Number of protein chains: 2
Amino acid sequence: MGGDHGPTVTLPAAVEFLERHAAYSVLLVGREPDLRAWLDRHLPRWQHTFSGRIDLLHADEIVAMDDPPAVALKNKRRSSMRLAIEAVQDGRADAAVSAGNTGALMAIARYVLKTLEGIDRPAIATALPNRTGGSTLMLDLGANVDCTAEHLLQFALMGCALVSALNEAAGESSGRAPTVGLLNVGEEVIKGNDTVRAAGELLRGSSLNFYGNVEGNDIFKGTTDVIVCDGFVGNVALKTSEGLAQMMGSFLKEEFMRSWSTKLVALIAQTVLRRFAKRVDHRRYNGAALLGLRGIVVKSHGSADAYAFRHALSRAADAASKGLNDKIAGALGTESGVLRV
Amino acid sequence: MGGDHGPTVTLPAAVEFLERHAAYSVLLVGREPDLRAWLDRHLPRWQHTFSGRIDLLHADEIVAMDDPPAVALKNKRRSSMRLAIEAVQDGRADAAVSAGNTGALMAIARYVLKTLEGIDRPAIATALPNRTGGSTLMLDLGANVDCTAEHLLQFALMGCALVSALNEAAGESSGRAPTVGLLNVGEEVIKGNDTVRAAGELLRGSSLNFYGNVEGNDIFKGTTDVIVCDGFVGNVALKTSEGLAQMMGSFLKEEFMRSWSTKLVALIAQTVLRRFAKRVDHRRYNGAALLGLRGIVVKSHGSADAYAFRHALSRAADAASKGLNDKIAGALGTESGVLRV
């Protein structure tokens with residue numbers, strides 16, 4: 001029940017999620033009296049409407065957005081974040097979703113769930129829209145600021161397993177293995193630093209469908225299905241994109257709000273502008289998977305609203321119903337020779 | 001006379017530059033008969049119109065876009081790129097502008113011009129638009145894929161000197177030293193990798209107006225005047241931005257071109273849309289400075305058109321007329337204690 005807005009966002013999102021996905025139920029973890037009070041006030045008949053589909057789990061503490069991961073892990077063993085992840089670990093939940101402190105979420109998830117065989121470090125992965133109308137899965141987005149070539153290979157394996165799982169489930173499986181691009185400063189093999197060049201070698205030697213080096217603009221071109229990079233680079237690229245999209249959006253708005261005549265034009269163009277806004281709405285892409293754990297954990301943007309948070313819930317439900325972690329484990333088994341290089 | 005389009009772009013840009021800036025002249029370096037033929041064909045009276053303001057310098061060779069920097073440096077000593085930089089070195093030109101191979105340009109410029117006292121490695125810097133209506137100077141954008149903390153400090157010094165020089169000349173000097181942000185994955189001092197944390201220490205100990213860590217979205221927010229990062233991260237951030245801006249632009253166009261009715265709306269909205277397009281037109285920001293050399297070299301985007309290339313020429317002219325390199329050398333002198341840490 002974390003994030004910048006807490007239950008005022010996550011609870012409406014959970015309710016809408018339940019309304020749209022009849023097969024799922026939710027376990028709400030937080031201050032139980034508060035959760036119950038909200039439900040009673042906003043959905044007086046919730047126990048009837050969602051019969052058996054809403055469970056409450058009381059947590060005494062919360063992890064603050066600025067708690068250092070080590071503090072959250074060691075001193076807050078009864079936090080809502082910890083209990084939600086433990087619920088995944090003991091099978092009461094199929095996935096955990098949080099809008100809280102990313103570092104703490106990663107530390108707790110790693111400690112409680114452990115990593116999959118063959119994975120040194122979990123990675124944060126998210127799907128970004130691209131010009132083809134599809135999406136590009138990018139990882140790592142900030143879990144690991146220093147990576148070795150082997151880590152980048154592991155990220156590629158996990159990313160491909162995720163894309164395959166989602167495509168298969170969507171009936172879009174073309175039989176073609178997902179393509180992987182290695183984020184670099186140029187296409188040529190000799191480009192980049194030592195780590196990235198070594199990762200290129202490993203990827204070429206793997207059984208993955210490795211495209212080669214890609215550059216920043218390839219993310220939105222949709223050159224490959226998966227793009228791997230270290231968490232420092234991925235985090236900067238993601239946040240730079242958010243900043244640019246916001247700037248372009250506000251410039252567009254300013255131009256249409258400049259005078260009464262441009263406001264009239266905006267009125268005439270509103271259907272088109274709304275379609276455009278919907279298409280570039282980053283909220284539809286909310287929900288980054290923490291890949292490589294023995295359990296499904298999805299991180300929502302801290303500033304997510306209810307619409308965005310519902311998308312994160314849907315992503316978690318999708319990953320769980322499609323047996324994401326079994327698929328990743330299977331892919332890792334196939335590549336175990338490579339991983340032990 | 002390089003880049004993706006060669007003289008068909010650079011020559012019209014040079015002519016337009018001369019028309020707009022009466023105080024400047026140009027030295028065109030390339031295959032002299034070709035240059036002369038183009039001028040004779042398109043501006044039959046060029047020797048009269050631009051009396052004494054166009055000089056031609058013949059070069060036998062060109063550096064290809066895919067020449068490795070070492071090959072361009074060692075085997076192409078009569079290339080147009082080399083001769084243009086030598087013209088800066090021997091004082092025949094105040095600045096060199098090229099749309100050619102970035103790696104080769106950097107290698108040749110560094111070899112011919114040498115770096116300023118106190119600078120280990122030149123950096124590529126460019127101004128990006130931000131939401132305040134001003135711009136954010138960002139460096140390095142790809143010259144150095146591996147950087148030490150000391151390099152990042154040097155980039156900050158050079159970036160501030162450039163911003164100061166341009167502000168002073170524009171009469172916008174507020175007496176306030178430019179603010180510097182260190183690109184990182186979070187605002188807190190503990191964030192990032194060892195190099196970035198060490199750079200933070202150096203910057204805090206310097207006489208620069210250090211703001212602290214900034215994140216990717218701060219580039220377009222305009223949180224600071226200067227943002228420093230290593231060339232790998234900067235290159236990815238820049239190209240990611242280009243890719244996203246192109247995607248958003250094409251989505252907007254697609255929505256307005258969807259049907260006859262939306263096309264009609266586009267017609268009505270065209271003035272507003274054009275103002276928006278102009279505002280986000282990356283061509284106006286073309287021209288990245290190679291900072292830290294004993295001479296001014298500006299790199300244009302390889303795919304620049306004449307409009308964009310003219311902006312690169314203007315940037316070079318600006319930097320030269322404002323004594324950029326003296327300003328950088330002065331700033332380095334002030335900080336020499338810090339640089340020898």
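Colleague: Leaving aside its neighbours within four places in sequence, which residues is Val236(A) in contact with?

Modeller: In this predicted model, Val236(A) is in contact with Leu183(B), Gly216(B), Val233(B), Val236(B) and Ala237(B), once neighbours within four places in sequence are set aside. Val236(A) itself has its place in helix 10 of chain A, residues 231–256.

Colleague: Is Val236(A) buried or exposed?

Modeller: Here a cut-off helps: a residue is buried if 20 or more other C-beta atoms lie within 10 Å of its own. Val236(A) has 28 other C-beta atoms within 10 Å, so it is buried. You can also look within its own chain: Val236(A) and Gly142(A) are 94 residues apart in sequence, and their C-alpha atoms are 8.5 Å apart in space.

Colleague: How many residues does the contact take from each of the two chains, B and A?

Modeller: As a general idea, the size of an interface is often given as the accessible area lost when the parts come together. For this structure we can count residues: the contact takes 44 from chain B and 44 from chain A. On the side of chain B that touches chain A, the elements giving two or more residues are helix 9 (218–221), helix 10 (231–256), helix 11 (260–268) and helix 12 (270–279) of chain B. Helix 10 of chain B gives the most, with 20 residues. By class, that side of chain B has 23 nonpolar, 11 polar and 10 charged residues.

Colleague: What turn and shift lay chain B on chain A?

Modeller: In general, two copies of a chain are related by a rotation about an axis and a shift along it. Here, a turn of 180° with a shift of 0.0 Å along the axis lays chain B on chain A with an RMSD of 0.0 Å. That is the relation of a two-fold axis. The same surface serves both copies, as 100% of the contact residues of chain B recur in chain A.

Colleague: Let's turn to a single helix. How many residues of helix 6 of chain B are buried?

Modeller: The general idea is that an α-helix has 3.6 residues a turn, so residues three or four places apart point the same way. Helix 6 of chain B (residues 102–113) has 12 residues and reaches 16 Å from its first C-alpha to its last, close to the 16 Å expected at 1.5 Å a residue. In helix 6 of chain B, 11 of the 12 residues are buried, so this helix is largely enclosed by the rest of the structure. Among the buried ones are Leu105(B), Ile108(B) and Arg110(B). Their packing partners in chain B are helix 4 (69–75), helix 5 (80–89), strand 3 (95–98), strand 9 (288–291) and strand 10 (296–299). Just after helix 6 of chain B comes Lys114(B), with a positive phi near 70°.

Colleague: And the strands? In which sense do strand 4 and strand 5 of chain B run?

Modeller: In a regular strand the side chains alternate between the two faces of the sheet. Strand 4 (residues 123–129) and strand 5 of chain B run antiparallel, joined by 5 bridges. Across this pair, Ala125(B) stands opposite Leu139(B). The two strands form a hairpin with 5 residues between them, and Gly133(B) in the turn has a positive phi of about 95°. Strand 5 of chain B also pairs with strand 8 (residues 226–228) of chain B in the parallel sense, over 3 bridges. There, Met138(B) has Ile227(B) as its bridge partner.

Technical notes
Residues numbered from 1 in each chain as written. Chains lettered and ligands numbered in written order. Predicted model: local features only at pLDDT ≥ 70, side-chain atom pairs only at ≥ 80, totals over all residues. Least-squares fit on C-alpha atoms with pLDDT ≥ 70 in both. Contact = placed C-beta atoms within 7 Å. Helix = DSSP H or I, 4+ residues; strand = E, 2+ residues; numbered from the N terminus. Nonpolar A, V, L, I, M, F, W, Y, C, P; charged D, E, K, R; others polar. Expected span 1.5 Å × (residues − 1). Pairing = 2+ DSSP bridges.
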